[in-house]
Amino acid sequence: MRLCKPCLYGIAPLVLSFPLTTTAAESDPSFMLEEVIVTAQKRAESLQDTPISITAFNEDALTQQGISSVDDLQGKVPSLNMTPFPTQNTSLRLFIRGVGASDIQVTQDPAVGVYIDQVYIGRSTGLALELADLAQIEVLRGPQGTLFGRNSIGGAINMTTITPQTGEFSFKQELGAGNRNLFRSKTSANIPITDTLALRAVVLFREKDGYVENGGPGSDFFDSEDKGAKLDFLWEPNEDWSLRYTYDYARSEFVSPTFQATEAGPLSELLEIPVSSKPLRKLSTKDPMLPAETDIDGHALTISREWDTVTLKSITAYREFKYSEYTDLESGSASPLLYLNTSGGIDLTGHPPILDQDQLSQEFQLLGDPGETISYVLGLYYFDENATQEGGSRSAVLAPQPDQVNLFDIENTAWAVYAQSDWTPNILDSRFTLTTGIRYTEDDRVAARSYTLDPDPDSISFAGKPKSDFENISYTVVANFAATDDINTYLKLATGYKSGGYNVRASNEASYLSGFDEEEITSWELGIKSELLDRRLRLNGAIYFSDYTDIQLNLADNSTPADVRDTNVFNAGEGEIAGAELDLTALLTEGLTASLAYAYQDADFTKVVAPDEPEISEKDFVFSNAPEHQYTLALNYFYPMSFGDLNASLNYNWVDDRFDTQKAEEALSGVSVIDDYGLLGGYLGLSNIKLGSAGDLTISIWGKNLLDEEYFTAAPVVLQPAGAYNKAVIWGEPNSYGVDLIYNFSK
């Protein structure tokens, strides 16, 4: 483990000296940390009163830390880790506290729930795209089996967007430019149409050149272009009713990376594979490199009706996306002996892998506060998803292999009913609160597949349409005790569930039709939320232990050892995960804030039993994306001046070694290990520069990976069995920097 000692030595004295630097302002009530409001329990409440391990970023923090999409959270939230899927770089594999899904399949659900304005996003495709109008991101750690119960076994990412306002017209124009020809424009306007009706409109455009030049035909690797728009209507006819309709659109063209070989294999020289232990900034492909395309449309309608002590809310949403993939897995080789690979093989002419998905969800929530001692949330949830996926591949290393064409047509339906209540009895000076929650879920899945091995489309190797049903009861029990007005402690027991499914990489009909069952987790958590020294020091922490059962493991198909795409999925594993998390924020002097967030986790398989493979045991598997140590350090400074406000931020994010595989052999040999790395980022801005009645300006400069760290974000097994190389990685982005100009006007 390699820590950034200079960073620790630089910030630690500031934190440790905190009590000595605040005495002069002890009598000033404004000299304290701002309250953080979250919606992790379906209602707005203070972070310090919420018995959940949470990291929250408000709009200012999102700007200063350069967070505009889910993938920007990597390294910034201890216990949250992610890697891009090797052949779908806008798709993310999300893990919280060691729980996630290593594969991205249309027939297999993620283990970390992602929500936008309380709407569940069923697929991880497109999560790396910039979101047009973010107001806050909350990362909820641990199973969210009750209120965020749809496949949120590891945790949840809860995002909210800016709400239209009926009382004020405002206009905002953001322009940004940076290295590698970065250009970004975001235009937003809040328009009060009447006293009760308002519209918020946003248009976003962003483009940036890639950081690996393609010497062959086509685009450079990592080239990107994003477009987005959002229309958001809010109608509040009176103080009791609220109706909000949102439409959002996003389109992305992204040139996926190529794997770069870092360790030669027996056929590297013969296949003309470039091998380097350092990132190469120029590679070549034999065939034209084209961008992958993602199109997303979303509609959401939220209707609220309030009475004195009860609020009834309806959330209706429809979303759809289309994804077309184009990927090179050949480590930039222009060798005639290799074909351009997608999904592990070659793209069939005119037939790239395409995924179409649409989802419809309906949720009813009843929130009540009938008295001072009790509050509750009742809910009814429905989800329906349809998706088709088609694609072909051809493998050829020295000798061509038969074409493979897969067609999938899936339908997933789920419904759930849930209830959660907080009871504060009139004992212990009303400092004790008992939270209980329960959720019943049913999932119905249909996954039709046809699989062809012959170029003749009438030659069907096998076809099947299996169906399966799953049901689960998850629960939450929390005992919360406020030792003082500023110190809350809690003991929490929570369970979570992720539905079963089918494996698109199964090499034979029997393996596909058998599918796999659900997995479950039971987690204990002991936590503290505290604000000390007149709210100038915020100290939150948690220790947890999770019992993880029926883990869905991907096992290699021994009948086709040369093809790493062929796997079988079984509920073969049981594991235990223990860890600790610490969040420390200190107001050092007026305007200067330091923060430290740290996570430790120890994840081990305790039992693995694989069908027909009695020699396999728990020693053969490891948890992927579960680094032992992870931390973030940040300094933020604010200073008001006569002509504007100075904002400065410096942040350092460090992640320990982690595995990009579940197989111990690949991990311990170093083939699928993502080495530890730390990234330094900075922001310097001057805001609220007054332009009289014409509005105000903000000018800022920013940088990411300022020390130009060489690191990689993925190290999966790809062509190693064919002897092309022994290890290949996707290198992370080198240093980037830019300047932003923001114009604000309101009246």
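Of the 747 residues of the chain, 57% count as buried in this predicted model. The chain holds 5 helices and 44 strands. Contacts between residues at least 6 apart in sequence were also examined; 69% of them join residues at least 24 apart.

Several strand pairings were resolved in detail. Strand β34 spans residues 567–589, and strand β35 spans residues 592–608. The two pair in the antiparallel sense over 16 bridges. Within this pairing, Ile577 of the hairpin has Ala603 in β35 as its bridge partner. The hairpin of β34 and β35 has 2 residues between the strands. Gly591 takes a positive phi there, near 95°.

An open sheet of 5 strands runs in the order β3-β9-β10-β7-β8. Its pairing is mixed. The edge strands are β3 (54–57) and β8 (119–120), and each pairs on one side only. Inside the order, β9 (residues 134–141) and β10 pair in the antiparallel sense over 7 bridges. Val139 stands opposite Ile157 in β10.

A further open sheet has 3 strands, in the order β17-β43-β42, with antiparallel pairing. Strands β17 (260–264) and β42 (712–714) stand at the edges. Each has a single partner strand, so one side of each is left without a neighbour in the sheet. Neighbouring strands of this sheet are turned by 50° against each other on average, direction ignored. β17 pairs with strand β43 (residues 725–731) in the antiparallel sense, over 4 bridges. The bridge partner of Ala261 in β43 is Ala728.

Aromatic side chains were analysed next. A pair of aromatic rings is described by the distance of the centres and the angle of the planes. The count comes to 19 aromatic pairs. One of them joins Phe169 and Phe745. Their ring centres lie 6.3 Å apart and their planes meet at 65°; the cut-off for edge-to-face is over 60 degrees, so this pair is edge-to-face. The pair links distant parts of the chain, 576 residues apart. Phe169 lies in the loop between β10 (155–161) and β11 (170–178), whereas Phe745 lies in strand β44 (residues 736–746). Phe169 counts as partly exposed, at 26% relative accessibility.

The pair of Tyr631 and Tyr652 has its ring centres 6.3 Å apart and its planes at 35°, so the pair is tilted. Tyr631 lies in strand β36 (residues 629–641) and Tyr652 in strand β37 (residues 644–655), so the pair ties together parts that are 21 residues apart in sequence. Tyr631 is buried, with a relative accessible area of 4%. Tyr652 is buried too, with a relative accessible area of 7%. The cut-off for buried is under 20%, so both values fall within that class.

Aromatic residues also gather in a group. Tyr115, Tyr120, Phe148 and Phe383 form one aromatic cluster.

Phe745 has further partners. Neighbours within four places in sequence aside, Phe745 is in contact with Phe169, Ser170, Phe171, Ser693, Ala694 and Gly695. The C-alpha atoms of Phe745 and Lys172 are separated by 6.5 Å. These two residues are 573 residues apart along the chain.

Charged side chains meet rings at two sites described here. Arg97 lies over the face of Tyr544, at 3.9 Å from the ring centre. The charged end of Arg449 sits over the ring of Tyr512, 5.1 Å from its centre.

Another arginine, Arg200, is found in strand β13 (residues 197–208). Arg200 counts as buried, at 9% relative accessibility. Its side chain is joined to that of Asp133 by a polar contact of 2.6 Å. Residues up to four places away in sequence were not counted among the contacts of Arg200. On that basis, Arg200 touches Asp133, Ile162, Pro164, Ser188, Ala189, Asn190, Lys230, Leu231 and Asp232. Asp133 thus appears in both descriptions, as a residue touched by Arg200 and as the polar partner of its side chain.

Definitions and conventions
Residues numbered from 1 in each chain as written. Predicted model: local features only at pLDDT ≥ 70, side-chain atom pairs only at ≥ 80, totals over all residues. Heavy atoms only, no water. Pairing = 2+ DSSP bridges. Axes fitted to C-alpha atoms, helices over the stretch in contact; angles between N-to-C directions. Phe/Tyr/Trp six-rings, centres within 6.5 Å; stacked < 30°, edge-to-face > 60°. Buried < 20%, exposed > 50% of the residue type's maximum accessible area, 1.4 Å probe, protein only. Lys NZ or Arg CZ within 6 Å of the ring centre and 35° of its normal. Polar contact = N/O pair within 3.5 Å; in protein donor to acceptor, adjacent residues only side chain to side chain. Contact = heavy atoms within 4.5 Å.
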